[in-house]
Amino acid sequence: MLTWLSENTSIKEVSVIKNPDSFLERVERERPEIMFIRLGNSDIPGLNIGRMVKAMDQDVSIVFVSSERDLALDAYEVGAYGYLLCPLDRNKFNSLINRIIA
Amino acid sequence: MLRAVLIDDERPALRGLEHLLKDYPMIEIAGMFTNPLEAIKKIAGINPQMVFLDINMPQLQGIDAASKILDLCPDTDIIFITAHDQYAIEAFELHALDYVLKPISKDRFEKTLQRVTKKNGIIRQSLEKNLAIKCFGRFQVGWAGEEPIKWRTEKTKELFAFLLHHQGQEVSRDEILDHIWPEIEVEKAVHQLHNGIYYIRKTLEEYGIERSLAGISGNYCLRLGAVALDIWLFREHITVVKNNPQIKGFEAVAELYTGEYLEGSDWPWADLEREQLSKQHSEAILSLAKAYIEKKQFDRAEEHLLKAFKRDPYEESITELLLNIYRTTGDKNKAVRHFMEYEKVLKEELGIKPQEKIQRICSAIK
């Protein structure tokens, strides 16, 4: 995913953050336009981070990445822009990114 | 207006949706279909901004229907309304705007509509609250019936009023600096401007005003949504009475004009506008008084003229009309009293005497 993103000339900067707290702090400070949140199995924390970020900035585009089909409905509840299933499909990934950027 | 198409093979479901949409006057239902194939035939002609789509339909599955609709109208937003939770992935792949499970709750539907209106840049008027901006008389911004905004400093208030004065237009940085901070050096003034804009944004936000209702964009352009701005209403009524000079319209003008434009402020940039609005108001009052005189409702005419005289005592036609009323009603006392007051104001403020024709009207009253 990092490689795909770095190949896209519209993406200026990519950060990878593992700790949820520092993630929220960074988002508050840097206000990214797009974020990808990896969801684990039946992942409530991941969805909650999405919710908190949305409250901070309504305009942010959140894309959840998951190997679970079941969380897609929750993703809609959060107001996610996209939901990508693992393993990632390059075409679907690019089409989503281009749509966000457009 | 946003056009919506509703597709569900069950008629009660369609009616339910129709009912929910009644709370959203900005959405027009442009078509309702129980057969998705029928909908697909007509969809290009309607070109709706959104389609509410059921998934499980015998003629055609909703996911396939959505992709056909998107082929025909690529900019249309699809909102799935369904009893099935297992298609959300497919919905995301079609970039559907939302996916809502039946039965739909009002709260959940509100969320959907927020997404729709946000995406379409629609300004939603809050039903409970009405943001009122008062420029006639003392400048005030606030929710109707609530304590108005308290500005951090007089300069912040002036800056906001200045942007409001130019609302909808971009105002250059230099223009703002020239008018608001003419006396301090540029570097300092720029700093003040940045701070001022920040405080306005913060103040509006803390007061609970959404950016769509009143927001400042980068190039210092204040954009207003559905707010009750008294000068807008005033101008609207002025236009109305120009084409249709009815008492009702003039009364509305009189009622809106609760004082001079940005009264009590020492803001030279507002002077020209203040004069023009005052002139428009005086003209409207004269027309209103004449209309009442024609109907022989002299007391109504007198009341408006006296109020106008207080605001603008130098305007000769106000006094002339008043004296003419007193001549008609034969009210010598009132005429003399008014004439003396008029004479005094002219003498004290302007050092002149009333025109001869005014004197003649007065002396003609017996």
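**Exercise 1. Locate B:Pro103 and describe the peptide bond that leads to it.**

Solution. Begin with the elements on either side: B:Pro103 is found in the loop between strand 5 (98–101) and helix 5 (106–119) of chain B, where helices (H or I, at least four residues) and strands (E, at least two) are DSSP runs, numbered from the N terminus. Next, turn to the bond itself, which runs from B:Lys102 to B:Pro103 and is cis, with omega near -5 degrees. As a general background, most peptide bonds are trans.

The model is a predicted one, in which local features need pLDDT of at least 70 and side-chain atom pairs count only at pLDDT 80 or more, while totals for chains, interfaces and linings use all residues. Residues are numbered from 1 along each chain as its sequence is written, chains are lettered from A and ligands numbered from 1 in the order in which they are written, and side-chain values use heavy atoms, with hydrogens and water left out.

**Exercise 2. Find where the cis peptide bond between A:Cys86 and A:Pro87 lies, and describe the sheet of three strands in chain A.**

Solution. The bond joining A:Cys86 and A:Pro87 has an omega of about -5 degrees, and A:Pro87 belongs to the loop between strand 3 and helix 5 of chain A. The sheet is open, with the order 1-2-3 and parallel pairing; two strands pair if DSSP finds at least two bridges between them. Its edge strands, each pairing on one side only, are strand 1 (34–39) and strand 3 (82–85) of chain A. Strand 2 (residues 61–66) of chain A is joined to strand 3 of chain A by four bridges, and A:Val63 has A:Gly82 as its bridge partner in strand 3.

**Exercise 3. Work out how helix 14 and helix 15 of chain B are arranged relative to each other.**

Solution. First take the axes, which are lines fitted to C-alpha atoms, for helices over the stretch in contact, with angles running from 0 to 180 degrees between N-to-C directions. The axes of helix 14 (residues 332–350) and helix 15 (residues 356–364) of chain B come within 9 Å and cross at roughly 155 degrees. Angles over 145 degrees count as roughly antiparallel, under 35 as roughly parallel, 65 to 115 as roughly perpendicular and the rest as oblique, and therefore helix 14 and helix 15 of chain B are roughly antiparallel to each other. Finally, look at the residues that meet, with contact meaning heavy atoms within 4.5 Å: among them are B:Phe339 and B:Tyr342 in helix 14 and B:Ile358 and B:Cys362 in helix 15 of chain B.
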